[in-house]
2 protein chains.
Amino acid sequence: MPEKVLIYSRLPKSLTQRFADRFELLDSGGTPAHEVFPAEEVAQIRALITAGGTPLGADDMDRLPALGAIVCYGTGYDGVDLKAAAARNIVVGHSPGANAAAVADVALMLMLASVRRLTAADSYVRTGGWVEARPSPLLKPPPGLSGCKVGVYGMGEIGRKIAARVAAFETEVGYFSRTRHDDLPYQYLSSLDALAEWCTVLMIAVRAGAETTHIVDADLLKKIGPDGHVINISRGSVIDEGALLVALKDGIIAGAGLDVFETEPHAPDGLTSLQNVVVTPHIGGNTRESHVAMQACVVANLAAFFAGETLPYQVK
Amino acid sequence: MPEKVLIYSRLPKSLTQRFADRFELLDSGGTPAHEVFPAEEVAQIRALITAGGTPLGADDMDRLPALGAIVCYGTGYDGVDLKAAAARNIVVGHSPGANAAAVADVALMLMLASVRRLTAADSYVRTGGWVEARPSPLLKPPPGLSGCKVGVYGMGEIGRKIAARVAAFETEVGYFSRTRHDDLPYQYLSSLDALAEWCTVLMIAVRAGAETTHIVDADLLKKIGPDGHVINISRGSVIDEGALLVALKDGIIAGAGLDVFETEPHAPDGLTSLQNVVVTPHIGGNTRESHVAMQACVVANLAAFFAGETLPYQVK
């Protein structure tokens with residue numbers, strides 16, 4: 001008999017199909033399992049699949065008494081209370097690097113779109129502004145990327161792929177991360193503040209957590225400056241969205257490209273009405289190949305867990 | 001007394017200011033000079049500045065009897081009848097390479113936006129689709145760029161810069177151009193047809209002219225195929241826009257990114273109502289640095305001409 005696995009977050013059926021081939025899925029569509037399934041079924045659940053950003057705390061774990069494995073679909077696991085999991089002997093797995101190229105591509109897309117004002121440009125053409133020669137939002141040419149200083153915050157697998165791509169645009173690349181990587185051909189800045197002072201474009205690729213919450217705040221945005229852009233493909237929690245909104249409205253920075261938001265799927269109305277921001281609904285890892293790779297990590301983690309082995313992609 | 005220079009195309013004042021510091025500008029705002037200025041003034045015009053795509057034929061030249069130099073603002077000169085100019089001993093100058101990095105950046109922006117469906121994604125967030133959990137246009141993950149075959153058509157300065165950027169995205173790069181360049185680390189395909197058969201993303205960076213008009217037609221689009229994308233930063237005339245519209249509507253290709261159109265500033269309504277296309281109003285070279293560089297070429301060409309010297313950036 002196949003093992004039971006709870007689908008903890010709201011995940012499209014198209015993404016969980018591959019798991020259904022191998023496990024018996026209890027999919028509560030994002031509602032707590034005990035509200036949907038009989039108590040005796042919930043009591044049998046030994047493993048679950050979750051989106052790493054979905055909150056999963058001690059109380060949630062306690063409602064699943066047999067739980068032994070939390071497997072995150074994707075690289076992030078910031079929603080999971082790791083201490084609470086450890087205290088309950090629950091192992092946590094994820095899909096490291098499986099989506100790194102796809103996420104880095106979106107980071108570059110948002111950077112180029114923000115610097116070259118794609119939102120305003122596309123809308124100017126679509127609404128007839130160009131053909132009617134209405135005053136153009138693009139009349140004042142923006143600074144280009146060549147020679148521009150791009151700062152990468154976080155140098156994990158995604159940060160590295162972002163940096164490699166950015167460097168091909170004839171830019172100067174700098175980075176800040178907890179660890180200095182001497183194998184990388186980029187300038188190391190010793191703090192996020194120093195990176196913000198140095199760069200014109202800030203690419204946020206840091207792993208989210210308590211210590212990074214709202215670390216990009218009003219003060220930091222001021223350091224990036226009026227020609228500056230902020231791109232976030234990490235987690236919405238890293239940016240103080242209120243401060244970002246003010247910075248974009250008041251010209252404290254020039255633009256922003258955001259794939260992630262503080263309270264998804266909610267993108268603040270104030271942000272989405274601006275033309276100097278480009279927004280996408282957390283599509284970083286959303287490519288055919290990256291889903292296949294992430295699903296392979298999930299299956300491998302679950303198979304190992306049910307076989308009583310160490311997870312191949314375990315969060316340390 | 002400063003030399004008189006005609007501004008032949010409609011160019012924003014902000015872009016011609018630097019020329020006004022050095023020359024006496026006769027700016028007819030895109031209207032033929034003889035309709036705006038007295039005949040004796042028109043008869044004195046020895047040089048003009050034009051956007052390379054603006055039509056400038058034998059008849060136009062004959063209405064400027066003293067004309068000795070046509071100086072294009074930008075790298076293109078496809079609007080200028082070179083044979084007619086040569087027959088009248090009129091030299092033609094342009095700004096080669098000055099905008100190559102800026103144009104290549106827009107090519108990459110449009111490629112990423114088309115492959116990752118930025119138009120649909122941004123609009124889904126802005127119109128509330130995400131927060132209301134409306135059916136997502138992004139539900140079916142698109143193929144990502146990694147491992148994808150990208151074909152560059154044309155290997156001039158812009159094509160080279162496009163290829164160097166594209167290669168950083170873990171893609172396979174191939175190209176077709178009249179000349180095979182053995183110094184380049186990319187696969188050479190022997191025809192545009194072969195390139196279209198081979199690639200998933202076609203980047204058009206060819207110099208426009210009579211022999212490239214509508215060379216990207218219905219047959220070629222079929223070769224690119226249903227996962228394919230067409231990106232054009234060259235000239236609109238290279239693509240048969242009617243065929244492209246059908247291909248985008250019928251799923252013959254997946255998407256397109258267009259900075260240029262057959263009859264600018266007109267972008268066909270059919271195209272601008274589609275979500276699998278991203279459009280920009282010919283902003284390829286529109287950065288601060290690239291305007292400075294293009295203006296420097298224009299000034300150098302004009303100064304040389306009035307000094308009786310060979311143009312430093314002469315079209316051969």
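Start by selecting A:Pro265, which sits in the loop between strand 11 and helix 11 (269–272) of chain A. This is a predicted model, and here the peptide bond from A:Glu264 to A:Pro265 is cis, with omega near 5°. Now jump to chain B and pick B:Pro265, in the loop between strand 11 (255–258) and helix 11 (269–272) of that chain. The bond leading from B:Glu264 to B:Pro265 is also cis, again with omega near 5°.

**Zoom out to chain A**

Colour chain A by secondary structure and you will find twelve helices and twelve strands. Its radius of gyration is 21 Å, close to the 20 Å that the globule rule gives for 316 residues, so chain A is as compact as a globular protein of that length. Along the principal axes, its C-alpha atoms fill a box of roughly 65 × 50 × 30 Å. How much of chain A counts as buried? The share is 50% of its 316 residues. If you like contact maps, take the contacts between residues at least 6 apart in sequence: 60% of them join residues at least 24 apart.

**The five-stranded sheet**

Next, show strands 1 to 5 of chain A, which form an open sheet in the order 2-1-3-4-5 with parallel pairing. At the edges are strand 2 (24–27) and strand 5, each of which pairs on one side only. Look along the sheet to see the twist, which averages 25° from one strand to the next.

For a look at the pairing itself, select strand 1 (residues 4–7) and strand 2 of chain A, which run parallel and share four bridges. One residue pair to label is A:Leu6 with its bridge partner in strand 2, A:Leu26.

Two helices are worth adding to this view:

- Helix 1 (residues 13–20) of chain A lies across strand 1, strand 2 and strand 3 (47–51), at about 150° to strand 2.
- Helix 12 (residues 288–306) of chain A lies across strand 1, strand 3, strand 4 (69–73) and strand 5, at about 170° to strand 4.

While you are here, select A:Asn89, in the loop between helix 4 (82–87) and strand 5 (91–93) of chain A. Its phi is near 60°, a positive value in a residue other than glycine. Is A:Asn89 buried or exposed? It is exposed, with 8 other C-beta atoms within 10 Å.

**The seven-stranded sheet**

Hide those elements and bring up strands 6 to 12 of chain A. Seven strands make an open sheet in the order 8-7-6-9-10-11-12, again with parallel pairing. Strand 8 (187–188) and strand 12 (277–279) each have a single partner strand, so one side of each is left without a neighbour in the sheet.

Walk inwards from the strand 8 edge. Strand 8 and strand 7 of chain A pair in parallel over two bridges, and A:Gln187 in strand 8 is the bridge partner of A:Gly174. Strand 7 and strand 6 of chain A, also parallel, are joined by five bridges; label A:Lys149 and you will find it opposite A:Glu172 in strand 7.

Now add helix 7 (residues 157–167) of chain A, which lies across strand 6 (149–153), strand 7 (172–176) and strand 9 (201–204), at about 165° to strand 7. Together, strand 6, helix 7 and strand 7 of chain A make a right-handed β-α-β unit.

Further along the sheet, select strand 10 (residues 229–232) and strand 11 (residues 255–258) of chain A, a parallel pair joined by four bridges. Here A:Asn232 stands opposite A:Leu258 in strand 11.

**Across to chain B**

Show both chains together and select the contacts between them: 48 residues of chain B touch 48 residues of chain A. On the chain B side, the elements giving two or more residues are helix 5 (100–115), helix 6 (118–126), helix 7 (157–167), strand 12 (277–279) and helix 12 (288–306). Which of them gives the largest share? Helix 5 of chain B does, with eight residues. Colour this side by class and you get 29 nonpolar, eleven polar and eight charged residues.

For a last stop, select B:His282, in the loop between strand 12 and helix 12 of chain B. Phi is near 50° at B:His282, a positive value in a residue other than glycine. B:His282 is buried, with 24 other C-beta atoms within 10 Å.

Terms used
Residues numbered from 1 in each chain as written. Chains lettered and ligands numbered in written order. Predicted model: local features only at pLDDT ≥ 70, side-chain atom pairs only at ≥ 80, totals over all residues. Pairing = 2+ DSSP bridges. Contact = placed C-beta atoms within 7 Å. Axes fitted to C-alpha atoms, helices over the stretch in contact; angles between N-to-C directions. Nonpolar A, V, L, I, M, F, W, Y, C, P; charged D, E, K, R; others polar. Rg over C-alpha atoms; globule rule 2.2 N^0.38 Å. Buried ≥ 20, exposed ≤ 12 C-beta atoms within 10 Å, placed from the backbone. Right-handed = clockwise from strand over helix to strand, strands pointing away.
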